Every structure is written in structure tokens, then in C-alpha cells.
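User: Could you take me on a close look at the central sheet of this model and what packs around it? I would love one connected account rather than a list.

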Amino acid sequence: MVPLPRALSPVVHDVRHQRGAPITTLRIGLGEDTHRLAPGGPLRLGGIDIPHDQHLLGHSDADVLLHAVTDALLGAACLPDIGQLFPNTDPANKDRDSAEMLRSACDRVESAGWKIVNLDCVVLAQEPRLGPYKESLRTRLAEILSLGVGQVNVKGKTGEGVGPIGEKQIIQARCVVLLEKRA
Ligand SMILES: [Zn+2]
């Protein structure tokens, strides 16, 4: 058997001898969301209103980016997902501000003993181009989550003109988040 580099040995030791126990104080979470586009702006995305001739359809304010972030956070902490916490059958969630739902999810994650290390997001939209709004989106997300802007990243990608994203029928968002157990 090839000897392990010295730096890896303690990790392997933990895996072998703490069966069933957490071997790390870090947790990763993944969130993904899709909403249909409809005529008429502005576009509510990432907690800001972006000038555009289409908006997203949904029971709440349909903020696809905030929904992906919410599910990434909840998933990393093994908490119920956004659909379970804020069902679209509940009239209380009609036209609800997704920033409020995200803050509420963040509070649950923090109450469970976790703090956010960082998050990285991708928004897949043919239009509008998100480059000019990237810093505003990062700032708003950091504000909602009480983080530094350096802990939050947002990237925009087009659908290359094909499929439901490229044909401007939908916008999708994905987010990965890293949590660390509070000391
Ligand atoms: Zn959604």
C-alpha cells in the first residue's frame, strides 16, 4: 500500500475511527430553481429590480436566484426545503418577498449552529445580460445574509440561443454554499 502524505493521515484516521460521527465541521449545499418568463418588466432577480421587458412567473415574487440560494442553505444544514417551509399552496406566500423567505431560512440555519463561509451562484438567462448588475446582486445578497461582499459571488450565463433558456422561456439559477459549524 502506498503511504499517504503526512498531511492526509489525520483525516483518514478520523474516517476510520469515528464511524457515524461527523468528520468535518464543514457542510456543502446545492440549490437550483427555474421560473417561466412572461411579458412585462421589471425583472425581479436576486432581491433587486432589473430593467427588462419580461418578468418571472410564480406564486411568490418568483425570484429564481434567491430561491436557489435559500435551498442551498437549507440543504447544507439538512433542513426542510423551500417548498416545505414556504408552500405555494399557502396564501401567505402569495407575492411574498423572497428576501424575507431567504432571511428566515438563514435564521434557521444559524439557529441550527451553522455559519456561512461563502456562496457561489450561476444565473442562466439569455436576456438581460447580467454583467452590469453583478456587483449590485452580490451587494444585495450579502446584505440579506449579513455577509461581506467577498463571501458572495454571482455569475451570469446565456443559453447560447438554444433550449428554453436560450429561447427566453425560462431563467434558471444554481447556488452552492459552504457552511461551517460554529465553535
Ligand atoms: Zn422558485
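Analyst:
**The sheet and its surroundings**

The chain holds six helices and seven strands. This is a predicted model, so please read what follows in that light. Along the sequence the elements follow the pattern α-β-β-β-β-α-α-α-β-α-β-α-β.

Let us go to the sheet itself. Five strands build an open sheet, in the order 4-1-7-5-6, with mixed pairing. Strand 4 and strand 6 are the edge strands, each pairing on one side only. On average, neighbouring strands of this sheet are turned by 25° against each other, direction ignored.

We can walk across the sheet from the strand 4 edge. Strand 4 (residues 54–56) is antiparallel to strand 1 (residues 26–39), and three bridges join them; here L37 has L56 of strand 4 as its bridge partner. On the next step, strand 1 runs antiparallel to strand 7 (residues 170–181), with eleven bridges between them. Two of the residues facing each other across strands are I28 and its partner L178 in strand 7, and H35 has I171 of strand 7 as its bridge partner. Strand 7 also pairs with strand 5 in the antiparallel sense, over ten bridges, and L119 is matched with V177 of strand 7. The last step brings in the parallel sense: six bridges link strand 5 and strand 6, with V122 opposite K155 of strand 6.

Now for what packs around the sheet. Helix 5 lies across strand 5 and strand 6, running at about 140° to strand 6. The largest nonpolar core has 44 residues, and L65, V69, L73, C121, V123 and I171 are those that touch the most other members. Strand 2 (43–45), helix 2, helix 4, strand 5 (114–124), helix 5 (134–145), strand 6 (152–157) and strand 7 each supply at least two residues of this core. Helix 2 gives the most, with nine residues. In soluble globular proteins, nonpolar side chains tend to be buried together.

V123 is a good place to see how the pieces meet. Setting aside neighbours within four places in sequence, V123 is in contact with L45, L65, L130, V154, G156, I171 and A173. Of these, I171 is also the bridge partner of H35, and both I171 and L65 are listed with V123 among the residues that touch the most other core members. For the chain as a whole, residues 24 or more positions apart account for 70% of the contacts with a separation of 6 or more, and 36% of the 183 residues count as buried.

The helix pair that feeds this core deserves a look too. The axes of helix 2 (residues 64–76) and helix 4 (residues 98–111) come within 9 Å and cross at roughly 10°, which means helix 2 is roughly parallel to helix 4. On the helix 2 side the contact is made by L66, H67, V69, T70, L73 and L74, and on the helix 4 side by S98, A99, M101, L102, A105, C106 and V109. By class, that contact has ten nonpolar, three polar and no charged residues. V69 and L73 thus appear both in this contact and in the group of core residues that touch the most other members.

Between strand 4 and helix 2, the loop contains S60. S60 is buried, because 22 other C-beta atoms lie within 10 Å. S60 touches N93, D95, R96, S98 and M101, not counting residues up to four places away in sequence; S98 and M101 also belong to the helix 4 side of the contact with helix 2. K94 is 34 residues from S60 in sequence, yet their C-alpha atoms are 4.9 Å apart.

Finally, some backbone details in the loops. Most residues other than glycine have a negative phi, and most peptide bonds are trans. The peptide bond from G41 to P42 is cis, with omega near -5°, and P42 sits in the loop between strand 1 and strand 2. Another cis peptide bond joins E127 and P128, with omega about -5°; P128 is in the loop between strand 5 and helix 5. S146, in the loop between helix 5 and strand 6, is not a glycine but has a positive phi near 55°. S146 counts as exposed, because it has 10 C-beta neighbours inside 10 Å.

Note on methods:
Residues numbered from 1 in each chain as written. Predicted model: local features only at pLDDT ≥ 70, side-chain atom pairs only at ≥ 80, totals over all residues. Axes fitted to C-alpha atoms, helices over the stretch in contact; angles between N-to-C directions. Helix = DSSP H or I, 4+ residues; strand = E, 2+ residues; numbered from the N terminus. Parallel < 35°, antiparallel > 145°, perpendicular 65-115°, else oblique. Contact = placed C-beta atoms within 7 Å. Nonpolar A, V, L, I, M, F, W, Y, C, P; charged D, E, K, R; others polar. Pairing = 2+ DSSP bridges. Core = buried A, V, L, I, M, F, W, Y, C linked by C-beta atoms within 7 Å. Buried ≥ 20, exposed ≤ 12 C-beta atoms within 10 Å, placed from the backbone.
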